[in-house]
Amino acid sequence: MKILELINGSMRIEELNALLFIGIALFGGTIGGRLFQKIRIPQVVGYILIGLALGESGMGFLSSVTLDRFQAINYFALGLISFSLGGELKFATLKKNGRQFTYILFLEALGAFFLVSLAVFWPLRILFSDSVALAVSLLLGSIAAATAAAGTTDVLSEYRARGIVTSTLLGIIALDDILALFLFTILAGVAAPLLGFGGENLLASMMFPLYETFGAVALGLLSGFALIWLLKKYTEEEKIFVFAMGAILLVLGASIFLDVDMLMTAMIMGAVLVNKAPRKSKIVFNLIERFSTPIYVLFFVFVGASLKFASLSPLILLMIGIFILARFTGKTLGVRLGGRLSGAPNKLRKYLPYCLLSQSGVAVGLAIVAAQRFPGAVGETILIMVTTSTFILQLLGPTLIKYAVDRADEAGKNISEEVLKEQLKLAELLSPEDAFVRDATPISEVIHRFAETSFSELCVLDKNDRLIGVISFDNLKTVLVSSELNHFLLAVDILSPIPVLASPELSLREAEKRMRKTGVEYIAAVDGEGRFRGIAEQRGIDSFARKRYLAMQET
């Protein structure tokens, strides 16, 4: 049996089937995320730690060989994240906050670059010659400019953050990676001769990153407009979702095939969609948000599993500490200076730096590119420093983002009408004073009450305020035809049984579910003793939730 072969060592873990690996990673990551969420630590930390436990630094279940089999999932997750980030690049918002956004973006990225480059140069001289240390420090500085998009957006989504800090942060993390890529492109060309690389291929090595970047922009623009043209033909959510996901996968695959930057391509496509088709883009991004959680869980578990700590020496650990401190200090000084020069609100200058600590998958990707371009001790040093610092910062970063959005009073402000319905209770909507008649009320008075109220149904109560039935327009049809009976009939004579009863503490969303299940457009609420507390109609629930939502948006 295979289980015995695995236990006695005759079968390697890598030989297990892919579905089993995915199931364990997804199940374990979800449990880890929930456990950390219960102790008020963002779920993404739990995903990464579960991945670390399953990886080669832990139990060895997810080895590098196994992780290579799931590279497509990592690409897919990064593509979804980049596409969603592109959806935050709304030209109207950027134009509105353009001055402060531009100042902060460039100064926090350049602040991290200059401070990291300067700080790590001196300890690097212990390992390398001055010219090599300079080249490595410049490459590390360019990589330090990038900020984690995946972990940041996951935390903001989890805590439903909305406000000036959140909107500025989403714009910055979308463009931070582009700045980091440009810096890395330029400095890789500068570093090549310092590291003894280049020669006849120096021009080609400097030109390729430019092709990679501008090719991504061109492909992203083309795919964005093509997706808009395609989505205009459909209104069904199912078809919109299939075409949107197909477009993302197609563009990611084309980017890899054409050797252009995959993340930038997806980001540009998302930006085109949100700016040129804003109404359609809301449907697309909402559908992707519902679908993407399992993909993100797998991505962060695999990130944790890929981290290795066997090569860490005391000197490397010291340099990692210097790298982290210099990066945070540079970004903080950049935000404070940029905010002051642009007249940004004090809240933004104070709390935004805490949100920029997490280091991105783009940083790890650039480190891998550096290791491939400059093989040997230089590439290995860059890779181990960046991957280890990314792990540390991915653990610290989400917690600091949560702290920042809490202190900035932006947590829980970004909710949809559907989510709001889950939070609102029937008790907040009910108005029982004009929604009932007594059982002994004459039909003529019942008709008069219908004329006065906006309700399409009236509840019928006994003398003890207990609900005994309901009268709708259908109940009145026979009576209105035989008007001579009006003087003899009472409300109790024409009532119908109540199809749906609920507690006032029931959520509006659950109330809607019960109404759909029974096929009616209203629900009556009673307390624990059966006394009437009010009636709610579907149209009233929709109107109430919409007013609350608009009020929240204004504040």
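# Exercises on a predicted model

**Exercise 1. Compare the expected span of helix α18 (residues 377–407) with the distance between its end C-alpha atoms.**

Solution. The model is a predicted one.
Step 1. Helix α18 has 31 residues, and at 1.5 Å a residue the expected span is 45 Å, because the rise is counted for one less than the number of residues.
Step 2. The end C-alpha atoms of α18 are 43 Å apart, which agrees with that expectation.
Step 3. Agreement in span does not rule out a bend, and the axis should be checked too: α18 bends by about 30 degrees at Gln394. A proline, Pro398, follows within four residues of that position.
Step 4. After α18 comes Asp409, which has a positive phi near 60 degrees.

**Exercise 2. Do the same for helix α5 (residues 71–86), then decide why α5 can be called largely enclosed.**

Solution.
Step 1. The 16 residues of α5 should span 22 Å at 1.5 Å a residue, and the end C-alpha atoms are 22 Å apart, so the two values agree.
Step 2. For burial, the cut-off is under 20% relative accessible area. In α5, 12 of the 16 residues are buried, so the helix is largely enclosed by the rest of the structure.
Step 3. The buried residues of α5 include Ile73, Phe76, Leu80, Ile81 and Phe83. Polar or small residues are also on the list, among them Asn74, Ser82, Gly79 and Gly86.
Step 4. For the whole chain, buried residues make up 50% of the 555 residues.

**Exercise 3. Work out the strand order and the pairing of the sheet that contains β4, β5 and β6.**

Solution.
Step 1. The sheet is open, its order is β4-β5-β6, and its pairing is mixed. The edge strands are β4 (501–502) and β6 (532–537), each of which pairs on one side only.
Step 2. Take β4 and β5 (residues 522–526): these strands run parallel and are joined by two bridges. Ala502 has Ala525 of β5 as its bridge partner.
Step 3. Take β5 and β6: here the pairing is antiparallel, over five bridges. Val526 stands opposite Phe532 in β6.
Step 4. The hairpin of β5 and β6 has five residues between the strands, and Gly530 takes a positive phi near 85 degrees there.
Step 5. Add the helix: α23 (residues 508–518) lies across β4, β5 and β6, and runs at about 120 degrees to β5.
Step 6. Although β6 is an edge strand, five of its six residues are buried, so β6 is largely enclosed by the rest of the structure.

**Exercise 4. Is Asp527 buried or exposed, and which atoms does its side chain reach?**

Solution.
Step 1. Asp527 is placed in the loop between β5 and β6.
Step 2. Its relative accessible area is 19%; the cut-off for buried is under 20%, so Asp527 counts as buried.
Step 3. The side chain of Asp527 reaches the backbone nitrogen of Arg531 at 2.9 Å. A polar contact of 2.9 Å also joins the side chains of Asp527 and Arg533.

**Exercise 5. Describe the sheet of β1, β2 and β3, then place Thr441 beside it in sequence.**

Solution.
Step 1. This open sheet has the order β1-β2-β3, with mixed pairing. Its edge strands, β1 (436–438) and β3 (467–472), each pair on one side only. From one strand to the next, the twist averages 30 degrees.
Step 2. β2 (residues 457–461) pairs with β3 in the antiparallel sense, over five bridges. Leu461 stands opposite Leu467 in β3.
Step 3. Helix α20 (residues 443–452) packs on the sheet and touches β1, β2 and β3; its direction makes about 135 degrees with that of β2.
Step 4. Thr441 is in the loop between β1 and α20, and it is buried, with a relative accessible area of 11%.
Step 5. A polar atom of the Thr441 side chain lies 2.9 Å from the backbone oxygen of Arg438. Leaving out residues up to four places away in sequence, Thr441 touches Val446, Leu490 and Ala491.

**Exercise 6. Where is Gly343, and how far is Gly343 from Gln100 in sequence and in space?**

Solution.
Step 1. Gly343 is in the loop between α15 (314–342) and α16 (346–355).
Step 2. Gly343 is exposed, with a relative accessible area of 56%.
Step 3. Gly343 and Gln100 are 243 residues apart in sequence, and 6.9 Å apart in space, C-alpha to C-alpha.
Step 4. For the chain, 76% of the contacts between residues at least 6 apart in sequence join residues at least 24 apart.

Definitions and conventions:
Residues are numbered from 1 along each chain as its sequence is written. This is a predicted model: local features need pLDDT of at least 70, side-chain atom pairs count only at pLDDT 80 or more; totals for chains, interfaces and linings use all residues. Side-chain values use heavy atoms; hydrogens and water are left out. Two strands pair if DSSP finds at least two bridges between them. Contact means heavy atoms within 4.5 Å. Axes are lines fitted to C-alpha atoms, for helices over the stretch in contact, and angles run from 0 to 180 degrees between N-to-C directions. Buried means under 20% relative accessible area, exposed over 50%, partly exposed in between (1.4 Å probe, protein chains only). A polar contact is a pair of N or O atoms within 3.5 Å; within protein, one must be able to donate a hydrogen and the other to accept it, and residues adjacent in sequence count only if both atoms are side-chain atoms. The bend at a residue is the angle between axes fitted to the seven residues ending there and the seven starting there.
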